[in-house]
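Let's take a stroll through this protein, one set of contacts at a time. Keep the picture open while you read, and find each residue as it comes up.

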Amino acid sequence: MHEVAPELVGVTLLVDGVGGRIVEVEAYDHEDPASHGYGGRTERNASMFGPPGHAYVYRSYGIHWCLNLVCEDEGVANAVLVRALEPTHGLDVMRARRGLDDPRLLCSGPGRLCQALGVTRAHDGLPLDRPPFELRAREGHVETIAGPRVGITRAATLPWRYAEAASGFLSRPLRPA
């Protein structure tokens, strides 16, 4: 999972043709007290336990949907939260869904990103290699930096947040670990 997370930065993520380049992610593994899978399998987090290559979608604070890409071995709760995209496909659709024009604010944060892409609980457990999802390999080298995760209280200092160093589309500035 820690190998997968930084490799996702620069990959293009589309949902029904709408999306962009992933510029920020966070890793969560089964031994991580901040992970939804840490306490064991529940109805809410079942998709996080695999199989790999599927979506784990959950509601944060009862308000925002969040999209995770499940990785590693089936039965082990490891996933990567997609925190921010640089919007490149379907900007008009994203603007309508978000009710704003500023491209930097369309997908800068996991809740904003899911709203812009139309991701809901209906996407939970779906395979990432078939519609409505599409992942396109990154092109060229992407300078990735790591730092502490945000929005959590447990294990917050772990440098498991990965981002494109020069991106202006991050959810929050990242200071390298």
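The structure holds 10 salt bridges. Keep in mind that this is a predicted model, so every distance here is computed from predicted atoms. Three of the pairs are set out below.

| Salt bridge | Closest N to O distance |
|---|---|
| E7 and R138 | 2.9 Å |
| R21 and E86 | 2.8 Å |
| E134 and R136 | 2.7 Å |

Start with E7 and R138, which form a salt bridge. This pair links distant parts of the chain: E7 sits in helix α1, while R138 is in the loop between β6 (133-136) and β7 (144-147), 131 residues apart. How exposed are the two partners? E7 counts as partly exposed, at 47% relative accessibility, and R138 is also partly exposed, at 25%.

Next come R21 and E86, another salt-bridged pair. R21 belongs to strand β2 and E86 to strand β5, so their salt bridge ties together parts that lie 65 residues apart in sequence. R21 is partly exposed, at 21% relative accessibility. For E86, which is partly exposed too, the relative accessible area is 24%.

Then there's the salt bridge between the side chains of E134 and R136. E134 is partly exposed, with a relative accessible area of 34%, and R136 counts as partly exposed at 35%. Some salt bridges share partners, and that is how E24, E26, R83 and R161 end up joined into one network.

**Around strand β2**

R21, E24 and E26 have all come up already, so let's look at strand β2, which spans residues 18-28. Is this strand mostly covered or mostly open? Mostly covered: 10 of its 11 residues are buried.

Which strands pair with β2? One is β1 (residues 12-15), which runs antiparallel to β2 and is joined to it by four bridges. To spot this pairing, find T12, whose bridge partner in β2 is R21. That's the R21 that also forms the salt bridge with E86. β1 and β2 make a hairpin with two residues between them, and D16 in the turn has a positive phi of about 55°.

Strand β5 (residues 79-89) is another antiparallel partner of β2, with nine bridges between them. Here, E26 stands opposite L81 in β5. Strand β8 (residues 161-164) also runs antiparallel to β2, joined by three bridges. In this pairing, E24 has A163 of β8 as its bridge partner.

As you follow a strand, remember a simple pattern: in a regular strand, side chains alternate between the two faces of the sheet.

**The nonpolar cores**

Now look inside. In soluble globular proteins, nonpolar side chains tend to be buried together. The largest nonpolar core here has 32 residues, and those with the most contacts inside it are L13, V25, L67, L85, C107 and L117. The elements that give two or more residues to this core are α1 (4-8), β1, β2, β3 (55-60), β4 (64-70), β5 and α4 (110-117).

What does L13 touch? Leaving aside its neighbours within four places in sequence, L13 is in contact with several residues, including V18, I22, L67, V82, L85, L117 and F133. E134, from the salt bridge with R136, is another of the contacts of L13.

Apart from this core lies another one, of 10 residues, among them Y28, F49, Y58 and V70.

**What about the cysteines?**

How many disulfides does the structure have? A search of the whole structure finds zero. C107 is in no disulfide, and the nearest cysteine sulfur, that of C114, is 9.3 Å away. A disulfide needs two sulfur atoms within 2.5 Å, so 9.3 Å is too far to count. C107 counts as buried, at 0% relative accessibility.

C114 is in no disulfide either: the nearest cysteine sulfur belongs to C66 and is 5.9 Å away. Like C107, C114 is buried, with a relative accessible area of 1%.

One more cysteine to find is C71, in the loop between β4 and β5. Is C71 buried or exposed? C71 is buried, with a relative accessible area of 7%. C71 and A27 are 44 residues apart in sequence, and their C-alpha atoms are 10.0 Å apart in space.

Technical notes: Residues numbered from 1 in each chain as written. Predicted model: local features only at pLDDT ≥ 70, side-chain atom pairs only at ≥ 80, totals over all residues. Heavy atoms only, no water. Buried < 20%, exposed > 50% of the residue type's maximum accessible area, 1.4 Å probe, protein only. Pairing = 2+ DSSP bridges. Core = buried A, V, L, I, M, F, W, Y, C linked by side-chain atoms within 4.5 Å. Contact = heavy atoms within 4.5 Å. Salt bridge = Lys/Arg side-chain N within 4 Å of Asp/Glu carboxyl O.
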